[in-house]
There are 2 protein chains.
Amino acid sequence: LKSQRLNGISHRGRVLTLDSMNPNVKRVEYAVRGPIVQRAVQIEKELKEGVKKPFTEVIKANIGDAHAMGQKPITFFRQVLALCSYPALLEDSKFPEDAKKRAQRILEACGGHSIGAYSTSQGIECIRQDVARYIEKRDGGIPSNPDNIYLSTGASDAIVTILKLLVCGEGRDRTGVMISIPQYPLYSAALADLGAVQINYYLDEDNCWSLNITELRRALNAAREHCNPRVLCIINPGNPTGQVQSRQCIEDVIRFAKEEHLFLMADEVYQDNVYAEGCQFHSFKKVLFEMGPEYSNTVEMASFHSTSKCYMGECGFRGGYMEVINLDPEVKAQLIKLVSVRLCPPVPGQALLDLVVNPPQPDEPSYATFMKERTAVLSTLAEKARLTEQIFNTVPGITCNPVQGAMYTFPGITLPQKAIDKAKELGLVPDMFYCMRLLEEDGICLVPGSGFGQREGTYHFRMTILPPTDKLKVVLQKIREFHLRFTQEFS
Amino acid sequence: LKSQRLNGISHRGRVLTLDSMNPNVKRVEYAVRGPIVQRAVQIEKELKEGVKKPFTEVIKANIGDAHAMGQKPITFFRQVLALCSYPALLEDSKFPEDAKKRAQRILEACGGHSIGAYSTSQGIECIRQDVARYIEKRDGGIPSNPDNIYLSTGASDAIVTILKLLVCGEGRDRTGVMISIPQYPLYSAALADLGAVQINYYLDEDNCWSLNITELRRALNAAREHCNPRVLCIINPGNPTGQVQSRQCIEDVIRFAKEEHLFLMADEVYQDNVYAEGCQFHSFKKVLFEMGPEYSNTVEMASFHSTSKCYMGECGFRGGYMEVINLDPEVKAQLIKLVSVRLCPPVPGQALLDLVVNPPQPDEPSYATFMKERTAVLSTLAEKARLTEQIFNTVPGITCNPVQGAMYTFPGITLPQKAIDKAKELGLVPDMFYCMRLLEEDGICLVPGSGFGQREGTYHFRMTILPPTDKLKVVLQKIREFHLRFTQEFS
């Protein structure tokens, strides 16, 4: 660097170059919006400009973006948001009374009765109270304290904030963070950015991507040789793997965290997205408290939720919250200080979150429509989850676990050796080569399994189940045909 | 740490404590929402609970939050936002045609025509185009490329992102960042968080808080002894100091940045907030390009803007953008990768930004109302800027520079030695003691100058000029009386 500095003065090169930038940022990767998605956007432009392709549109099954896939917003939510945005509409008789009541309550909690005012950095107090009540109801009455609720800019924001608090030390004392493989790449990206040590534990593909305590222990013991493991991250229901953890598994994880003195991070943004028979969402908080005070008074945890997934799929509003359990009061003060630097989460997203945790009640005029819309989304998703597993498993060379929950399937694909060689020749990882070919030939945008992590020598892709049922059937059929064609070409 | 780890296993203390957390986070300070504001919130609660105080409400003049101070939103902006939130309203004849047209255009640019879809991480393309056209118009035709525009979650988000790219190196090679003193504490907070070296250059209080190149050079040379200075941050119009930089000053700064091989960060979020006779906003971009290709082809720069200030004051929406100039293409790719991890800025904030950069035109139905509302806000602010300076300068012991722009005044206060001693006895910095007393006695919440930085031995506070004129007069009068009382008490 010193020589570069001296050179800089004579050369007058740029101040900021690839060589002179933050090396942690260089290490960040985020496949969900990586090169394949950039190529997809390019292809879309080419199609618009009239370039001939073997397809007429690009189907982006790379990201859990429900509205982009045609899902309609929940009417009640958007009515309230319109009322909050333009309160003159409160005089309009076309809006139902419960929507107006909700909007008025939110506006009264805003500075100057405007969603254009900053909120407190932790989030609007009455919304945090509603979140706490929602959690209590969800968890069968286990108490939740609004002071432990922090609203956030989507769940990502809160996840990164908690990781930032936790990461310290140098060399062998550097904080290690355990994440599942396959993982959602926000985690690896945040850890690279913070310079933390990523500790991989592998989910068991042969057992529906379940989490295995023996594997957790193996990963932890290996990591203790070179870093200070302090954090265990869980995604349930799973992204990208779609599994739903059993109550027993969650209990085992909590016991493990306590024994091994780990801070638990429970990413539960898909808590309403459970489809498979016999599967049920159990919150880590609930299980923790059911395990008794020995656990509920000691295990430190943060749980994350978002407005972007479930039945509402309101990604653009960037709403979310986290609940912290057993967080040191001094650390809480530091957390509040840290979030205050960014002033506050977007207030429209906070308002939306309030509606999600406090939807229309049976005695309110919007209830029937709300329930109809909610049920329709969730039952369609359940149908698409089944359909996806079913069709993929008819393809020789594709192995697909049941999509028990969340919005994704992560099937394993068998690639011929010649395809693997060809990919290497092109400098691509094999499943990236596969997905790029699929994109160029059929206009379908998936994310290669390598973007999420996978066991050495295995290959996968992540696909969302969000396209409308008819389109999803076409997509599945096209992938089927592509896979057979691709396999044949390289056999 | 190692001993603590071993202890952890026997003691079973918390995983995350003040001692075991990220030390950079501990160093973060953010006075605008610091202890004094927390006390203000507490007092508000006490008032609600019926606790008797010498006042009936807390006036928060600590933060530039226009709507919280009673400023009304721009009607056109909120109409479009309501239409975007609940597109069924597009059928409603009560909404003007231009608002509908704007909403339709934004919705068409959204995935699935919903602001609930994620946008691209850089921001919606047609909005970036509108931003580029706005900049071109503002800068008298100097071209702006939408590819250089990055939408953000308020300006803070973009500022932190650029700093993150720039910070690297260890020890004497650690990146140094030059910031003005007094500064807006986002900068010091971000630098602490990133572990960068903060290099203070002092604004000249005796010359209307102007920036002096000799002082810049002094600060830079001193810093070169212990770090690698690579970045120069400017806030114009100034926060907290309210000065507006002359064209000549900006030219000098740009020349300095080029000579000294510094990356320029121009925080221009108050670009519409210029009040003083003879003052005018000059963008760094415009001056850079007017200095000729020797400068415009080489000086690396990022300029920041926001929806939170100016005449709209829509803080809660967290809208903003930055324009980058001469950024290395490889670094641009890294920047896009980095912002993609957080998926996208809030889409309602993006929509709002679109309206700010592309407001109603003279031939459109909403133009007259829009102009009336905009002018009313800005002329009232100008009046309040004059009033503030005038009244403060009648108080012995308060010295107030003209509020040429932005939304704040940062007067110097003379504190009696006995007050300084008393503060020290209480473990408070003297201007914190002063502001706390003012809060307890009169319910007025200001931020102590120490939260922004000031020359050793001088004392200040920051006050926004945002309260409604009548209330502002009361506030100024109360501060006047408090100051006299305080001075007397400690004389």
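Where in chain B is the place of B:Ser283? I looked this up in a predicted model. I found B:Ser283 in the loop that lies between strand 6 (263-267) and helix 11 (284-290) of chain B.

**Entry 1: surroundings of B:Ser283**

I next asked whether B:Ser283 is buried or exposed. Its relative accessibility is 1%, and the cut-off for buried is under 20%, so I recorded B:Ser283 as buried. I then listed its contacts, leaving aside neighbours within four places in sequence, and noted B:Arg138, B:Asp139 and B:Glu268. With one of these, B:Arg138, the side chain of B:Ser283 makes a polar contact to the side chain at 3.5 Å.

**Entry 2: extent of the interface**

I turned to chain B and chain A. The size of an interface is often given as the accessible area lost when the parts come together. Here I noted a buried area of about 8800 Å², with 57% given by carbon and sulfur atoms. B:Val15, B:Leu16 and B:Tyr118 supply 9% of what chain B buries against chain A, more than any other three residues. I also recorded that 105 residues from chain B and 105 residues from chain A take part in the contact.

**Entry 3: polar and charged pairs**

How many salt bridges are there between chain B and chain A? I recorded eight. One salt bridge that I looked up joins the side chains of B:Arg342 and A:Asp157, at 3.8 Å from N to O. For polar contacts across this interface, I noted 46 residue pairs. On the side of chain B that touches chain A, helix 13 (residues 329-340) gives the most, with eight residues. I entered the make-up of that side as 46 nonpolar, 29 polar and 30 charged residues.

Conventions: Residues numbered from 1 in each chain as written. Chains lettered and ligands numbered in written order. Predicted model: local features only at pLDDT ≥ 70, side-chain atom pairs only at ≥ 80, totals over all residues. Heavy atoms only, no water. Helix = DSSP H or I, 4+ residues; strand = E, 2+ residues; numbered from the N terminus. Buried < 20%, exposed > 50% of the residue type's maximum accessible area, 1.4 Å probe, protein only. Polar contact = N/O pair within 3.5 Å; in protein donor to acceptor, adjacent residues only side chain to side chain. Contact = heavy atoms within 4.5 Å. Buried area = accessible area lost by both parts, 1.4 Å probe. Salt bridge = Lys/Arg side-chain N within 4 Å of Asp/Glu carboxyl O. Nonpolar A, V, L, I, M, F, W, Y, C, P; charged D, E, K, R; others polar.
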